[in-house]
Amino acid sequence: MASDVLLEVEDLRTYYPIRGGVLQRTIGQVKAVDGVSFVIRRGETFGLVGESGCGKSTVGRTILRLVSKTSGSVKFRGTNIYELNKAKLRGLRPQMQFVFQDPYSSLNPRVKVGDAIAEPLIDHGLCGKAEAMERAKEVLQLCGMAPYHYDRYPHEFSGGQRQRIGIARALILQPDFIIADEPVSALDVSIQAQIINLFRDLQEARGLTYLFISHDLSIVEHLCTTIGVMYLGTMMELGPKCELFANPLHPYTKALLSAVPVSNPETRRERIVLKGDLPSPANPPSGCKFHTRCPLAVEQCRTEVPDYRDMGGEHYVACHLV
Ligand code: SF4
């Protein structure tokens with residue numbers, strides 16, 4: 001493993017049991033994540049994209065052990081985090097933090113936001129209450145808020161401010177790695193740009209590494225260095241951002257990209273509209289999982305799973321026709 005690799009995810013699978021009958025026996029499985037592999041290097045922003053329900057959020061939660069994996073491995077700085085006992089995992093937690101889509105739901109409405117930000121410091125026994133308060137005020141300022149916001153309650157803030165509070169809460173433990181799950185999708189477009197800029201500024205100031213999860217390629221375009229495209233729990237294409245935008249290989253990536261607005265009016269992209277809904281991960285299509293919606297599908301696609309192939313230049317794709 002290269003020394004600059006911070007996170008290494010290998011053949012990760014997260015299946016949820018479907019129970020039924022009087023005895024609530026397991027009668028099937030939802031394959032939310034179904035064999036995903038990628039690495040994230042220090043200082044990189046890795047964008048994980050795909051439609052709602054494709055398993056990208058479950059990847060983030062499985063990496064942090066917020067949900068359990070079914071198989072595969074997750075290594076952080078070379079340590080397999082699924083081999084750690086509770087105490088060692090707790091010791092690692094400050095280095096890996098999560099920013100939620102809706103910070104309001106993760107904030108207690110009866111707790112002052114400053115106390116909510118300071119709480120992890122006290123929980124981990126890293127300092128006393130007075131110092132935790134000071135550090136919470138500092139991190140609020142770092143996130144574009146004022147120290148007097150410490151004493152206010154979550155309902156007193158707008159959506160954009162609440163996301164800044166969510167980011168401050170993730171930053172208080174001085175992590176190296178942040179997983180941000182759709183952190184701007186609930187915000188107005190103008191506020192989205194502010195929060196994206198905040199993520200970028202914090203990365204420069206603190207050398208952070210991000211896994212940025214989004215359904216919107218136009219958002220990850222401005223922040224990410226590498227992009228992985230997921231469909232029904234499987235990675236369909238992965239590569240450096242510039243390469244992926246200039247030379248998308250997978251029909252699904254091409255369809256997602258065709259919906260991204262272009263700034264140059266002379267550069268036109270033909271919109272590819274996918275037919276049908278995302279199939280259920282409890283009963284995914286055979287062969288290539290995308291074949292039921294792929295405009296290029298051939299007979300082979302219905303029966304054979306395409307290999308995930310290295311196309312050179314760290315560009316990977318799973319499609320029979322590439
Ligand atoms: Fe489409 Fe077949 Fe390629 Fe899958 S393998 S993306 S169905 S052409």
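Let's start with a bit of vocabulary: a residue is called buried when its relative accessible area is under 20%, exposed when it is over 50%, and partly exposed in between. Take glutamate 119 as a test case: its relative accessibility is 36%, so it counts as partly exposed. Keep in mind that what you're looking at is a predicted model.

## Charged pairs

Side chains of opposite charge can pair when their charged atoms come close. Search the whole structure here and you find twelve salt bridges. Three of them are set out below.

| Salt bridge | Closest N to O |
|---|---|
| Arginine 77 and aspartate 176 | 2.3 Å |
| Arginine 169 and glutamate 119 | 3.0 Å |
| Glutamate 299 and arginine 302 | 3.3 Å |

Let's begin with the pair of arginine 77 and aspartate 176, whose side chains meet in a salt bridge. The two partners come from distant parts of the chain, 99 residues apart: arginine 77 sits in the loop between strand E4 (71-76) and strand E5 (79-80), while aspartate 176 sits in the loop between H6 and strand E7 (177-181). How accessible is arginine 77? Its relative accessible area is 35%, so it is partly exposed. Aspartate 176 has a value of 26%, so it is partly exposed too.

Next up is glutamate 119, our test case from the opening, which forms a salt bridge with arginine 169. This pair also links distant parts of the chain, with arginine 169 in helix H6 and glutamate 119 in helix H4, 50 residues apart. Arginine 169 has a relative accessibility of 24%, which means that it counts as partly exposed.

The pair of glutamate 299 and arginine 302 sits within one element. Both residues belong to helix H11, and because they are three residues apart there, about one helical turn separates them. Glutamate 299 reaches 55% relative accessibility, so it counts as exposed. Its partner, arginine 302, has a relative accessible area of 34% and is therefore partly exposed. Elsewhere, salt bridges that share partners tie Asp11, Arg13, Asp34 and Lys289 into one network.

## Two pockets

Rolling a probe the size of a water molecule over the atoms shows where empty space is left. The largest pocket in this model has a volume of about 520 Å³. Which residues lie nearest its centre? They are Arg93, Gln97, Phe98, Phe100 and Arg169, out of a lining of 22 residues. You've already met Arg169 as the salt-bridge partner of glutamate 119. Several elements give two or more residues to this lining: helix H2 (86-92), strand E6 (96-99), helix H3 (103-106), helix H4 (113-123) and helix H6 (159-171). Sort the lining of the largest pocket by class and you get twelve nonpolar, five polar and five charged residues.

The second largest pocket has a volume of about 290 Å³. Its lining has 16 residues, and Asp34, Gly35, Thr234, Val305 and Pro306 lie nearest the centre. Asp34 is also part of the salt-bridge network described above. Which element gives the most to this lining? That's E2, with four residues. At least two residues each come from strand E1 (5-20), strand E2 (25-41) and strand E10 (234-240). By class, the lining of the second largest pocket has eight nonpolar, four polar and four charged residues.

## An enclosed helix

Now look at helix H1 (residues 56-63). Six of its eight residues are buried, so the helix is largely enclosed by the rest of the structure. The buried ones are Lys56, Thr58, Val59, Gly60, Thr62 and Ile63. After H1 comes arginine 65, which has a positive phi, near 60 degrees.

## Loops and a surface patch

In the loop between H3 and H4 you'll find asparagine 108. With a relative accessible area of 37%, asparagine 108 is partly exposed. Its C-alpha atom is 9.9 Å from that of histidine 155, although the two residues are 47 apart along the chain.

Another loop, between helix H10 (251-258) and helix H11 (299-303), holds leucine 296. Leucine 296 has 45% relative accessibility, so it counts as partly exposed. Together with Val298 and Leu321, Leu296 makes a nonpolar surface patch of about 240 Å².

Technical notes. Residues are numbered from 1 along each chain as its sequence is written. This is a predicted model: local features need pLDDT of at least 70, side-chain atom pairs count only at pLDDT 80 or more; totals for chains, interfaces and linings use all residues. Side-chain values use heavy atoms; hydrogens and water are left out. Patches are made of residues with over 30% relative accessible area and no salt bridge: like charges are joined within 9 Å, nonpolar side chains (Val, Leu, Ile, Met, Phe, Trp, Tyr) within 5 Å. Accessible areas come from the Shrake-Rupley method with a 1.4 Å probe; for residues, only the protein chains shown count as cover. A salt bridge is a side-chain nitrogen of Lys or Arg within 4 Å of a carboxyl oxygen of Asp or Glu. Buried means under 20% relative accessible area, exposed over 50%, partly exposed in between (1.4 Å probe, protein chains only). On a 1 Å grid over the protein atoms alone, a cavity is a set of points where a 1.4 Å probe fits but cannot get out, and a pocket is an open set with protein on both sides within 12 Å along at least five of seven lines; lining residues have an atom within 4 Å of a point. Grid points are joined across faces, edges and corners, and a volume is the space filled by probe spheres set on the points. Ala, Val, Leu, Ile, Met, Phe, Trp, Tyr, Cys and Pro count as nonpolar, Asp, Glu, Lys and Arg as charged, and the others, Gly among them, as polar.
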